[in-house]
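The exercises below ask you to read a structure residue by residue. Work through each task with the model open, and then compare your reasoning with the solution that follows it.

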Amino acid sequence: MSNDKDNFSLADLTAALKDEDRAGLMNILKNKLAGQHRSDVLENLTPHVKARVLALKDIQNQHDELEAKFREERALLEAKYEKLYQPLYAKRYEIVNGTTEIELTPEDTKMDEGEGGDKTAEEKGVPSFWLTALQNNDVTSEEVTERDEEALKYLKDIKWCKTEEPKGFKLEFLFDSNPFFKNSVLTKSYHVIDEEEPLLEKAIGTEIDWYPGKCLTQKILKKKPKQGSTNTKPITKIEDCESFFNFFNPPEVPDEDEDIGEDRAEELQNVMEQDYDIGSTIRNKIITHAVSWFTGEAIEGQEFDIDDDEDDDSEEEEDEDKEEDEDDDDEMEDDSKTKKKKGGRSQIVGDGQQGERPPDCKQQ
């Protein structure tokens, strides 16, 4: 008769452990299995080949040590320059929100007076700065609806910071007082398992405290009652709708022991990847090059950021098309046969480069 302790499965063991202990146990098991595989490979080698492989492993270890040192020095370099960025982000904040005024040149002053100086004097800062920047990016523009625009005009700044426990990063959206919600700051945090190749564990948003009747993530539908119904009042129904502010209500990750099915798991993964893509775009592109997105210069850079190899391929195809057309004309003259032209290939625009994470929450 077996003891209950003998029947204690690995699933039971991992469930009883804390998250960090569970992760440590899984790493131990993975390393043990990997070590077993490595020993099997080495045992099947001849002595000479085995000695060479061991020498290669020694070289790899030296490489890994240098790589670890590189990452350490890179982190210090990032921290150094992130501190240097902060005064620039602070100046940007002041100009965008009108706390610092930029003096006009004599020519601009004359032009301003001619176009009605009273009106321009009332404008503070750069109106709709962050709204326009978000609308000019391919990824974030998909999230901004027409209903969101008025609320996003109150967005004063976007900041982000690196988090250590748990690892990941946090976005902060600073809003001026507005008629839509009471929150002055909306945050979105991403927890990742691996920073080098970000593997998203979960995302945490903010509960928005909407003013009555101002919620942008829901819409109220009113239907007339059916003919003959004793209820003469309209039927009111609330439905979720598309909005940029859904970004602050990310999908929840189910518990490990919850069986959600393959289709649901794939759907959830796609949603989480899209959500992380939006957050990364705001962190790496919108915040760091906000004025370029506002003016549209960043859009032009994306449109013409096409690989040289692809240009060469397109030119080669055009040459091939011309040659085929000439051959077609010859065949039409000789054999009275008609050939269809071959079309060129469409070009694919590159996505751009991502930046790195700073060490602390700072003014952007």
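**Exercise 1. A salt bridge and its partners**

Is Lys 153 buried, partly exposed or exposed? Then establish with which residue Lys 153 forms a salt bridge.

Solution. Keep in mind from the start that this is a predicted model. Step one is the accessibility: Lys 153 has a relative accessibility of 41%, and because the partly exposed class runs between 20% and 50%, Lys 153 counts as partly exposed. Step two is the partner: Lys 153 is joined to Glu 150 by a salt bridge in which the closest N and O atoms are 3.4 Å apart. Step three is the partner's own environment, and Glu 150 is likewise partly exposed, with a relative accessible area of 38%.

**Exercise 2. Other salt bridges in the chain**

How many salt bridges does the chain hold by this rule, and which residue meets Glu 78 in one of them?

Solution. The count comes to 10 salt bridges. In one of them the side chain of Glu 78 meets that of Arg 74, with an N to O distance of 4.0 Å. Both residues belong to helix H3, where they are four residues apart, or about one turn of the helix, and Arg 74 counts as partly exposed at 26% relative accessibility. Elsewhere, Glu 164 forms a salt bridge with Lys 162, the closest N and O atoms being 3.8 Å apart, and Glu 164 is partly exposed with a relative accessible area of 39%. A further arrangement is a network of salt bridges that links Lys 159, Lys 170 and Glu 172.

**Exercise 3. A nonpolar patch on the surface**

Which residues form a nonpolar patch on the surface together with Tyr 81, and where does Tyr 81 lie?

Solution. The patch consists of Leu 77, Tyr 81, Leu 84, Tyr 85 and Leu 88, which together have about 500 Å² of accessible area. Tyr 81 is placed in helix H3, which spans residues 47-96. With a relative accessible area of 38%, Tyr 81 is partly exposed, and Tyr 81 can belong to a patch because the rule asks for over 30% relative accessible area and no salt bridge.

**Exercise 4. Three buried residues**

Determine whether Trp 130, His 191 and Ser 243 are buried or exposed, and describe what surrounds each of them.

Solution. Begin with Trp 130, which lies in helix H6 (residues 129-135) and counts as buried because its relative accessibility is 1%, under the 20% limit. Leaving out residues up to four places away in sequence, Trp 130 touches, among others, Arg 92, Val 96, Leu 155, Ile 158, Ile 286 and Ala 290. Val 96 is 34 residues from Trp 130 in sequence, yet their C-alpha atoms are 9.0 Å apart in space.

Continue with His 191, which lies in strand E3 (residues 185-192) and is buried, with a relative accessible area of 11%. With the same sequence neighbours left out, His 191 touches Pro 166, Lys 167, Leu 199, Leu 200, Glu 201, Lys 202 and Ile 204.

Finish with Ser 243, located in the loop between strand E6 (235-240) and helix H9 (262-286), and buried with a relative accessible area of 5%. The side chain of Ser 243 reaches the backbone nitrogen of Phe 245 at 3.1 Å. Beyond four places in sequence, Ser 243 touches Glu 143, Thr 145, Asp 148, Leu 216 and Thr 217.

**Exercise 5. The largest nonpolar core**

How many residues make up the largest nonpolar core, and which of them have the most contacts inside it?

Solution. The largest nonpolar core has 41 residues, and those with the most contacts inside it are Leu 171, Phe 173, Phe 245 and Ile 282. The elements that give two or more residues to this core include H6, strand E1 (155-163), strand E2 (168-175), E3 and H9, and H9 gives the most, with six residues. To see one central member in detail, take Phe 173, whose contacts outside its sequence neighbourhood of four places include Leu 155, Ile 158, Val 185, Leu 186, Phe 244, Phe 248 and Ile 282.

**Exercise 6. The chain as a whole**

How many helices and strands are there in the chain, and what share of its residues counts as buried?

Solution. The chain has 12 helices and six strands, and 25% of its 364 residues count as buried. Its accessible surface comes to about 26300 Å², of which 49% belongs to carbon and sulfur atoms.

Notes: Residues are numbered from 1 along each chain as its sequence is written. This is a predicted model: local features need pLDDT of at least 70, side-chain atom pairs count only at pLDDT 80 or more; totals for chains, interfaces and linings use all residues. Side-chain values use heavy atoms; hydrogens and water are left out. Buried means under 20% relative accessible area, exposed over 50%, partly exposed in between (1.4 Å probe, protein chains only). Contact means heavy atoms within 4.5 Å. A polar contact is a pair of N or O atoms within 3.5 Å; within protein, one must be able to donate a hydrogen and the other to accept it, and residues adjacent in sequence count only if both atoms are side-chain atoms. Patches are made of residues with over 30% relative accessible area and no salt bridge: like charges are joined within 9 Å, nonpolar side chains (Val, Leu, Ile, Met, Phe, Trp, Tyr) within 5 Å. Accessible areas come from the Shrake-Rupley method with a 1.4 Å probe; for residues, only the protein chains shown count as cover. A nonpolar core is a set of buried Ala, Val, Leu, Ile, Met, Phe, Trp, Tyr and Cys residues joined through side-chain atoms within 4.5 Å.
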